[in-house]
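Please open the structure in a viewer and keep the selection panel at hand. The tour proceeds by selections, each followed by a description of what is there.

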Amino acid sequence: MLEKQNRIALISVDGDPAIAIGQEEAGGQNVYVRQVGLALAQQGWKVDMFTRRSSKEQAAIVQHNANCRTIRLPAGAPEFIGRDELFSYLPEYVKAFQAFQQQHGFRYSLVHTNYWLSAWVGMRLKQLQPLSQIHTYHSLGAVKYRNIDEIPAIATKRLAVEKACLETAERIVATSPQEQEHMRSLVSTTGQIDIIPCGTDIDRFGAIEREAARQQLGIAANEKVVLYVGRFDKRKGIETLVRSVARLHAAGRTNLKLIIGGGSQPGRCDGRERDRIEGIVGELGLDTITVFPGRLDDRILPVYYAAADVSVVPSHYEPFGLVAIEAMASQIPVVASAVGGLQFTVVPEETGLLAPAKDDVAFAQAIDRILADSSWARKLGERGRQRVENHFSWQGVAIELGHLYTTLNSATVETSRAIAA
Ligand code: UDP
């Protein structure tokens, strides 16, 4: 079977790059795979993004353009299966991947896997064919489990897979120096790591005027908009934000408007977290100043950023945090937790402010400083935009990944030639 030299398989079993973003188990990883895939395709790569079929209605293949498609293979029944329950279906996924290659008469010599479930798939494939594996974690069990109360049954398996992958993959992509440091201190001192950040769409964000955005959303000129964008998940720390806004409200700051944007489904984890947050908003007497617009789609999301005074990312843990750079690309100052990749993207006093995670007093002070000084806030926004243009465009990220793939691809092709000889 032929190995096509500029072909890349991005494997993201649990994070479908072709579905709606912004609700349970559909966030940054899905955006990353899709945007990296599209940008690589623009640069001449043939990109196949592999994910799992999670409903009967989903097409098996979504063709995004001539060089980029999403391919949905089976792993368990075609229905929603939570990440923590997916592991036992992965051998079936590997078989389906092999069958796909067989059917199409080629084998991938490069796979870029995403999240630990796909790391396992990549490692298994490597036992079956000559292959270079590149891996992006998106979240590290070793960090995540430090920050949650209930450790799932799958934790031991996950930690072992994450360690094995770090030690055996041809290259690990850390999206921030902080993530690299966590890998080294908590997972393993062995393995090859490159730092290549996540990116954002610098044309889509930052193109809308504040006044036009406010008019479209019905927000008055004198309202001070504090914006959260993201999934409803305890790890996202929305409670900290709500409590900090309650402090500002109680201290007499007027015209506050808190917008909490993100999708949720009743009865699911995100639905329960939204109910809990709404409960806290009610208890703290913030109903009249808080809005829950639901999931913000691609079209409306840039409008919300453009209308905001400050974007808040109060996560307990964040390997990268796309929302911070989306807000910065939109020229909006960011107040974020001083954790993980947020310490890399947000430069304190330059593009926003950092506060200790879960510390609603510190968040209230930081938000207040920004709301109190609009000309400083504008400067923070401008520098944020500059920083994103310089470091975090998807095109730039894809160029770096492309160089990495090319280097590794030559090595794999050489090895398989040597084996064949
Ligand atoms: N998002 C969205 N609509 C929403 C909520 C979130 O499009 O209603 C997007 C958000 O813009 C970002 C991604 O979901 O691109 C979340 O990525 P991030 O890295 O911030 O967090 P994750 O979900 O990976 O934990």
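A residue is counted as buried if 20 or more other C-beta atoms lie within 10 Å of its own, and as exposed if 12 or fewer do so. The model shown is a predicted one.

**Tyr405 and its surroundings**

Begin by selecting Tyr405, which is located in helix 15 (residues 394-420). Is Tyr405 buried or exposed? Tyr405 has 23 C-beta neighbours inside 10 Å and therefore counts as buried. Add Ile8 and Leu110 to the selection: Tyr405 is in contact with both, its neighbours within four places in sequence being left aside. Then display Arg83, which is separated from Tyr405 by 322 residues in sequence and, between C-alpha atoms, by 28 Å in space.

**The sheet**

Next, colour the eight strands that form an open sheet with mixed pairing, in the order 3-4-2-1-5-6-7-8. At its edges are strand 3 and strand 8 (193-195), each of which pairs on one side only. From one strand to the next, the twist averages 20 degrees.

Within this sheet, select strand 1 (residues 7-11) together with strand 5 (residues 110-114); the two pair in the parallel sense over three bridges. Ala9 has Val111 of strand 5 as its bridge partner. Now show helix 1 (residues 28-42), which packs on the sheet and touches strand 1, strand 2, strand 3, strand 4 (68-73) and strand 5. The direction of helix 1 makes about 160 degrees with that of strand 2. Helix 3 (residues 115-128) may be added as well: it lies across strand 1, strand 5 and strand 6 (132-136), and runs at about 155 degrees to strand 5.

**A loop residue**

Move to Lys56, in the loop between strand 2 (46-52) and strand 3 (61-65). Lys56 counts as exposed because it has 8 C-beta neighbours inside 10 Å. A distance label from Lys56 to Gln102, C-alpha to C-alpha, gives 24 Å for a sequence separation of 46 residues.

**The two domains**

Colour the chain by its domain assignment, which gives domain 1 (7-199 + 394-420) and domain 2 (210-391). The C-alpha centres of the two domains lie 30 Å apart. Domain 1 brings 22 residues to the contact and domain 2 brings 21 residues. On the side of domain 1 that touches domain 2, the elements giving two or more residues are helix 1, helix 4 (141-144) and helix 6 (177-187). Helix 6 gives the most, with three residues. By class, this side of domain 1 has nine nonpolar, 10 polar and three charged residues.

**Annotated ranges**

Two selections may be taken from UniProt. An unreviewed entry places "domain: Glycosyltransferase subfamily 4-like N-terminal" at residues 27-199. That range is 42% helix and 20% strand, and its end C-alpha atoms are 14 Å apart. For residues 210-387, the unreviewed entry lists "domain: Glycosyl transferase family". This second span is 46% helix and 16% strand, with 20 Å between its end C-alpha atoms.

**Helix 11**

Finally, select residues 322-329, which make up helix 11. How many of its eight residues are buried? Eight of the eight are, so helix 11 is largely enclosed by the rest of the structure. Glu326 is among these buried residues, as are Leu322, Val323 and Met328. Extend the selection to Gln331, which follows helix 11 and has a positive phi, near 65 degrees.

How values were computed:
Residues numbered from 1 in each chain as written. Predicted model: local features only at pLDDT ≥ 70, side-chain atom pairs only at ≥ 80, totals over all residues. Helix = DSSP H or I, 4+ residues; strand = E, 2+ residues; numbered from the N terminus. UniProt positions renumbered as here; feature names shortened; annotations may be inferred. Pairing = 2+ DSSP bridges. Axes fitted to C-alpha atoms, helices over the stretch in contact; angles between N-to-C directions. Contact = placed C-beta atoms within 7 Å. Domains from an automatic or database assignment. Nonpolar A, V, L, I, M, F, W, Y, C, P; charged D, E, K, R; others polar.
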